[in-house]
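Work through the exercises below with the model at hand. Each task is followed by a solution in steps.

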Amino acid sequence: MKSLKVVFLGTPEFAKTSLETIHKSHHQVVGVVTVADKASGRGQKISQSPVKIFAAENNIPVFQPEKLRNPEFLEDLRKLDADVFVVVAFRMMPKILFEMPKIGTFNLHASLLPDYRGAAPINYAIINGEEKSGATTFFINEKIDEGNILLQEEIPVLKNENAGSLHDRLMEMGAKLVVKTLDGLAENSITEKPQPQVEHPKNAYKIFKEDTKIDWSKTSKEIHQFILGMSPYPAAFTTLKIGEEEKGLKIFGGKFELSNHGKRAGTLDISKNDFKIYTKDGIYFPLELQLEGKKRMNIKDFLNGFRNFDEIKMA
C-alpha cells in the first residue's frame with residue numbers, strides 16, 4: 001500500500017492519539033504543527049502540548065508559529081513536500097495553509113456532521129441526550145466544519161455516559177478513522193461527498209463559564225444530561241450560600257427521581273445523610289462534587305465536612 005507523507009496539526013491529548021496512530025502506521029509523519037509553549041499553573045511552569053511532547057520523543061520536526069501566515073513558517077512547511085495535512089483539535093487555518101499539500105487538508109471532527117459543528121460537539125451530544133455520536137473526516141474549506149465528508153463512523157452513546165467517557169472512546173475510534181482515511185486517499189478509494197443540507201443542524205458552540213451554570217427550573221432529565229455533558233470538563237456548577245459566604249459548587253454526576261414534591265425548583269434539602277435539590281418535576285441527588293477551594297469528592301465525604309447544615313442554602 002502506498003505511504004503518504006503527512007504533516008500533522010493538533011494540540012491536546014485527543015489529537016496526540018491520532019498522531020501516535022499515524023506514526024505507528026505505514027504513513028510517514030514529516031512534521032508537526034502545534035501551539036506555542038506557555039506558562040501555566042501557580043509556579044508559571046512552561047507547559048508543552050501533548051502533541052509536541054510525542055513529536056519530540058519520536059524525533060518528528062515540530063513547528064510552533066505564533067501566526068499561521070508567517071512566511072518563514074509557510075516556506076519551511078512547503079519544503080517538507082507533504083502529500084496531505086491532517087488536522088485534529090487545532091485552530092482556524094488560512095487558505096494559504098490548508099491548500100498547500102497535493103491531496104489537501106482533512107480534519108477529524110468528533111460528531112456526525114453536519115450536526116454539532118463547532119468547538120464542543122462531545123459536550124452537546126451528551127447534553128442533548130443523543131443516543132448515538134461518532135466521528136467524521138472531511139476536507140477543510142473556508143467555512144468551519146462544512147467541507148466535503150471523506151469517512152464517517154458512529155458509536156452508541158452509553159446510558160449515563162459523561163462527556164469524558166465519550167471523549168475517550170471517540171479519541172480511540174477517531175484515530176483509527178484518520179488512518180483509514182489516509183489509506184483511502186493513498187489508494188484513491190474514497191469518494192468525497194458534500195455534507196447533507198440540513199435546515200436546522202444542531203450546533204456545538206464554544207462553552208464559556210456562564211454557560212456551565214445549572215438551571216434548576218428545568219426537568220430532572222435535562223439537568224442530569226447537562227451535568228453529564230459538562231463532566232468532567234468544564235464542569236456544571238451551582239452556588240451555595242454557607243452562612244454569609246457564597247461558594248461555587250461543581251457537580252460532576254448524580255441521579256434523579258421524578259416526584260410531585262410541590263416545592264420551588266432549586267430548593268435545597270441537606271442533612272448529614274442526604275443532599276437533595278428539587279427540580280421542576282423531581283429531585284436531583286448530587287453524588288460527585290467539588291466545593292470552591294476544596295478537592296473533588298463523593299457525597300459521603302462532602303457531607304462529613306459540615307457540622308451545621310442549617311446555615312447551608314442555595315444562593
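A salt bridge is counted when a side-chain nitrogen of Lys or Arg lies within 4 Å of a carboxyl oxygen of Asp or Glu. The model is predicted.

**Exercise 1.** Apply the salt-bridge cut-off to R296 and E288, then classify the exposure of both residues.

Solution.
- Step 1: the closest N and O atoms of R296 and E288 are 3.2 Å apart. The cut-off is 4 Å, so the pair qualifies as a salt bridge.
- Step 2: the relative accessible area of R296 is 40%, and that of E288 is 30%.
- Step 3: partly exposed covers the range between under 20% (buried) and over 50% (exposed). R296 is therefore partly exposed, and E288 is partly exposed as well.

**Exercise 2.** Locate the partners of the K52 and D37 salt bridge in the chain, and decide for each whether it is buried or partly exposed.

Solution.
- Step 1: the side chains of K52 and D37 meet at 2.9 Å, N to O.
- Step 2: K52 sits in helix α2 (residues 50-57), while D37 belongs to the loop between β2 (28-33) and β3 (38-40). With their positions 15 residues apart, the pair links distant parts of the chain.
- Step 3: K52 has a relative accessible area of 13% and is buried. D37, at 29%, counts as partly exposed.

**Exercise 3.** Find how R78 and E75 are placed relative to each other in their helix.

Solution.
- Step 1: both residues lie in helix α3 (residues 71-80).
- Step 2: they are three residues apart, about one turn of the helix.
- Step 3: their side chains form a salt bridge at 3.5 Å, N to O.
- Step 4: R78 has 41% relative accessibility and counts as partly exposed; E75, at 35%, falls in the partly exposed class too.

**Exercise 4.** How many salt bridges does the structure hold, and which residues are linked with E13 in a network?

Solution.
- Step 1: the total is 16 salt bridges.
- Step 2: K16, E20 and K24 are linked with E13 in a network of such bridges.

**Exercise 5.** Describe the open sheet, its edges and the helix that packs on it.

Solution.
- Step 1: seven strands follow the order β5-β2-β1-β6-β7-β8-β9, with mixed pairing.
- Step 2: β5 (62-63) and β9 (149-156) are the edge strands, each paired on one side only.
- Step 3: helix α6 (residues 163-187) packs on the sheet and touches β1, β6, β7, β8 and β9. The direction of α6 makes about 150 degrees with that of β9.
- Step 4: at the β5 edge, two bridges join β2 to β5, and these strands run parallel. V32 stands opposite V62 in β5.

Key
Residues are numbered from 1 along each chain as its sequence is written. This is a predicted model: local features need pLDDT of at least 70, side-chain atom pairs count only at pLDDT 80 or more; totals for chains, interfaces and linings use all residues. Side-chain values use heavy atoms; hydrogens and water are left out. Helices (H or I, at least four residues) and strands (E, at least two) are DSSP runs, numbered from the N terminus. Buried means under 20% relative accessible area, exposed over 50%, partly exposed in between (1.4 Å probe, protein chains only). Two strands pair if DSSP finds at least two bridges between them. Contact means heavy atoms within 4.5 Å. Axes are lines fitted to C-alpha atoms, for helices over the stretch in contact, and angles run from 0 to 180 degrees between N-to-C directions.
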